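Visitor: I should like to understand how descriptions of a protein model are justified. May we examine one together, setting each value against its definition?

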Amino acid sequence: MSGFLLGEQLNIMLILSGACLVLALHALFNKYMSDRRRFIIIAFELDAAVLMLADRFSYIYRGDESTVGFYMVRICNFIVFFLTLSVTYLINIYMTDIYMLDEKLNPLPKRLFAARIVYYIGCLMLILSQFTGLYYTFDESNQYRRAPLFLLSYVFPIVIIVLLLSVILQHHRRISDGLYISLVMFHVIPICASIVQLFSYGVSITDFCIAIMCILLYFSAMSDQDQKEKRANRLEIEHLKDEQEKIQILFGQTSEALVRAIDAKDNYTRGHSTRVARYSRMIAAAAGKTEEECEDIYYAGLLHDVGKIGIPDSIISKPGKLTEEEYEVMKSHPVIGYKILARIEVSPLISEGAHYHHERYDGKGYPDGLKGEDIPEIARIIAVADAYDGMTCKGRYRNYMSQTKVREEIVKGIETQFDPKFARIMLSMIDRDVNYEMKESENEVSAIAGGSELDCDSFGSSVSEAFRLTPQTVKIRLKVRSKDEDETNPGVPSIIMFDSRDARVHFDKKRAEDMHYSEYGRIRFDGEVEMPNVREKKIDIKDKQEENTIDAENTASDKTVYEIEAVRYEDHVMITLNSKKKKIKAVMALQNSIKYSYIAITGENCFIYDVSAHVSDDEIGDGFIPRLADKFVYTDGPTGDLPNIQFDDYRNTATPPVRLKDGTNISFHTKTFPYASLVWHCPYINLYTSYKGNDHYDLALIRLDGEVTVDGSLCKERKSIINKTGDFESWDVWKEKNKEGFDCNVSFFKKSSYVTVFTENLGISVNSYFMISDKVKDINICLTGDECALTNIKVNIK
């Protein structure tokens with residue numbers, strides 16, 4: 001190795017010198033370093049470059065007895081010794097720059113100043129050696145010779161290195177790991193090289209190491225600068241994100257303040273904007289919009305009526321019907337809203353929602369009479385949500401509509417008032433909202449939230465919101481205070497068990513009919529039980545004065561505390577009422593297993609307060625409630641290729657899958673349940689696939705009443721042709737014939753990525769064409785539905 005270095009060291013010196021000069025030039029044009037740091041790095045590289053050149057020339061002219069050789073050898077050797085010592089001074093300056101400017105180390109360690117003093121002494125000693133031959137001499141043939149005190153020249157740089165290294169080790173946590181390692185190497189490796197140099201005369205190992213360390217130090221400095229830039233960029237990005245979040249929060253708060261200002265003008269629209277915003281976001285999400293797009297649509301929905309701020313209060317809150325002139329003023333609120341929101345840069349689309357949400361798909365809306373897809377998409381979404389909330393909240397002269405009526409109105413508005421795509425998404429949302437929760441909530445007690453008070457003069461004068469009974473046990477705890485302090489007429493809390501399309505108790509006969517309200521019965525905490533509308537019942541009442549041992553967990557120790565525990569399994573319900581005086585346990589067999597059952601809290605001559613509830617995570621199983629009557633089964637009949645099946649709730653189960661192939665045909669006998677009352681209580685044909693870990697990813701859902709919904713991303717609805725043939729009489733007749741039962745046949749055709757589904761039943765012809773994405777490998781078919789049973793299911797592939 002030493003032989004190679006000895007033979008090639010002049011070339012190596014030239015290469016290292018050139019590399020250092022290139023890096024110095026590169027550092028000169030580096031715009032990301034401070035001027036001071038750039039000067040230090042350039043000084044390092046020039047020091048190493050000149051060191052290599054001087055060392056090279058000292059070897060070239062060694063033994064040259066000419067006048068030029070005489071001076072070159074002496075000058076070059078002086079430069080080599082001086083620059084070797086100067087590197088320690090530069091590293092001192094570099095460390096000072098790092099610790100003082102970057103790491104804000106104050107005061108600086110005194111060892112840095114001590115190292116400079118040692119450097120100055122070393123320089124003086126080097127100059128002195130040129131006249132005394134203290135470090136080296138030259139013989140008569142102009143050859144370099146080490147002097148007896150040559151080792152003294154090593155003392156000064158080594159002392160400096162030790163001082164600087166101690167500072168690095170003490171404060172290493174203040175600098176990056178990469179910079180720390182490079183600084184340690186810069187100090188340790190030259191020392192090791194110097195030790196080797198003592199025994200390898202004629203090879204400039206120390207100078208090579210210094211030059212290489214200067215090169216590595218450059219890259220280390222660049223890497224450290226890059227990390228700082230990245231850290232600064234990251235901090236800047238985080239700062240911008242924080243600022244953006246603050247702007248978003250401020251925007252949200254401002255939006256809510258505007259909404260409150262709108263609500264304050266008309267109590268009958270209180271909460272309308274918030275609900276429209278929520279429904280709009282739900283529609284957008286179902287349409288496959290991104291999270292950012294859904295957020296924009298939410299705020300557009302929230303501020304869609306902001307223009308009403310500019311409408312006079314006399315018109316907004318007028319108790320009677322508006323005149324034509326007043327109605328024209330009211331119709332100006334979209335334009336006013338647009339002017340208010342037009343300058344919002346956070347989300348420019350928000351103003352479009354306010355401007356065009358009263359446009360109609362058929363072009364008969366206002367303010368500009370836009371038609372079809374000329375209406376901005378965000379406004380088409382809000383138009384559906386706005387109309388839906390208008391029908392499901394309480395107006396000045398009407399109550400909210402039943403869910404069935406709302407659904408019919410949405411269907412009527414397809415392609416006239418509403419964009420078909422978003423109207424069908426809303427219909428799908430309605431179908432999934434089996435408890436009719438998407439509506440205005442009345443300002444009565446919320447038994448789930450608690451904290452409100454029911455003021456019950458007579459039975460039913462004030463009623464809580466309802467709890468739906470499911471296989472998950474609900475436990476309700478409430479406090480009761482009698483209105484008569486002497487308790488001559490003690491207050492009695494009670495529960496009402498019922499079913500209704502809006503999950504509310506109705507005493508008004510017309511309203512009850514509209515909501516298909518049916519009351520199963522009532523249970524009072526004093527032991528009075530009325531259950532006239534159940535198939536069977538078993539009531540167990542225990543007086544606690546006569547019962548000495550009662551489960552402590554189920555006992556209300558405070559006489560003001562009452563407890564209710566209720567659960568349902570299929571067509572059976574079990575309710576337990578627990579108070580200080582009595583424990584009432586009621587088991588009931590309902591008229592059917594399809595209708596819902598709710599309980600609501602009321603009372604008489606009492607205040608009911610501090611209502612709280614807990615719903616169990618676990619579901620009960622068969623046998624938990626003692627069966628009083630036989631189970632409802634509607635699947636008696638012949639069995640085909642697939643097992644008979646009944647759907648007690650919306651898509652609560654489905655048939656086994658059938659792989660879709662061209663020419664597939666499925667036939668079955670269908671019959672809706674006796675208590676089914678809606679057009680969508682019928683069988684559904686479901687096309688699905690496996691996608692992104694989801695074994696049942698819906699592609700399309702085709703109902704026998706002619707409604708079709710599609711995924712929108714993997715499946716595009718090319719066309720659905722729904723016709724009423726001469727056999728169709730009316731929807732009421734169609735529903736009755738469904739209850740009687742009929743045979744149904746569904747045909748499937750597949751050509752490349754196109755799928756056609758055709759069926760015709762009771763005068764309704766459904767012919768749907770779909771384009772399936774190439775991402776879908778296999779398509780499965782299953783039958784599902786709502787409140788109907790299928791028998792004799794046969795599959796035939798032609």
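Guide: In this predicted model, the chain's secondary structure comprises 18 helices and 26 strands.

Visitor: How do you know whether the chain is spread out or a compact globule?

Guide: The globule rule gives 28 Å for 798 residues. The radius of gyration of the chain is 44 Å, well over that value, so the chain is more spread out than a compact globule. Along its principal axes, the C-alpha trace spans about 130 × 75 × 65 Å.

Visitor: What makes helix α14 count as largely enclosed?

Guide: A residue is buried when its relative accessible area is under 20%. In α14, 14 of the 16 residues are buried, so the rest of the structure largely encloses this helix. For the chain, 48% of the 798 residues count as buried.

Visitor: How do you know that the span of α14 agrees with what is expected?

Guide: Helix α14 covers residues 377–392, and at 1.5 Å a residue its 16 residues should span 22 Å. Its end C-alpha atoms are 23 Å apart, which agrees.

Visitor: Why are β4 and β8 called edge strands?

Guide: The open sheet has five strands in the order β4-β13-β6-β7-β8, with antiparallel pairing. Strands β4 (467–468) and β8 (529–530) each pair on one side only, and they are the edge strands.

Visitor: What makes β4 and β13 a pair?

Guide: Pairing requires at least two bridges between two strands. Two bridges join β4 to β13 (residues 598–604), so the requirement is met. The bridge partner of Arg 468 in β13 is Tyr 598.

Note on methods: Residues numbered from 1 in each chain as written. Predicted model: local features only at pLDDT ≥ 70, side-chain atom pairs only at ≥ 80, totals over all residues. Heavy atoms only, no water. Helix = DSSP H or I, 4+ residues; strand = E, 2+ residues; numbered from the N terminus. Expected span 1.5 Å × (residues − 1). Buried < 20%, exposed > 50% of the residue type's maximum accessible area, 1.4 Å probe, protein only. Rg over C-alpha atoms; globule rule 2.2 N^0.38 Å.
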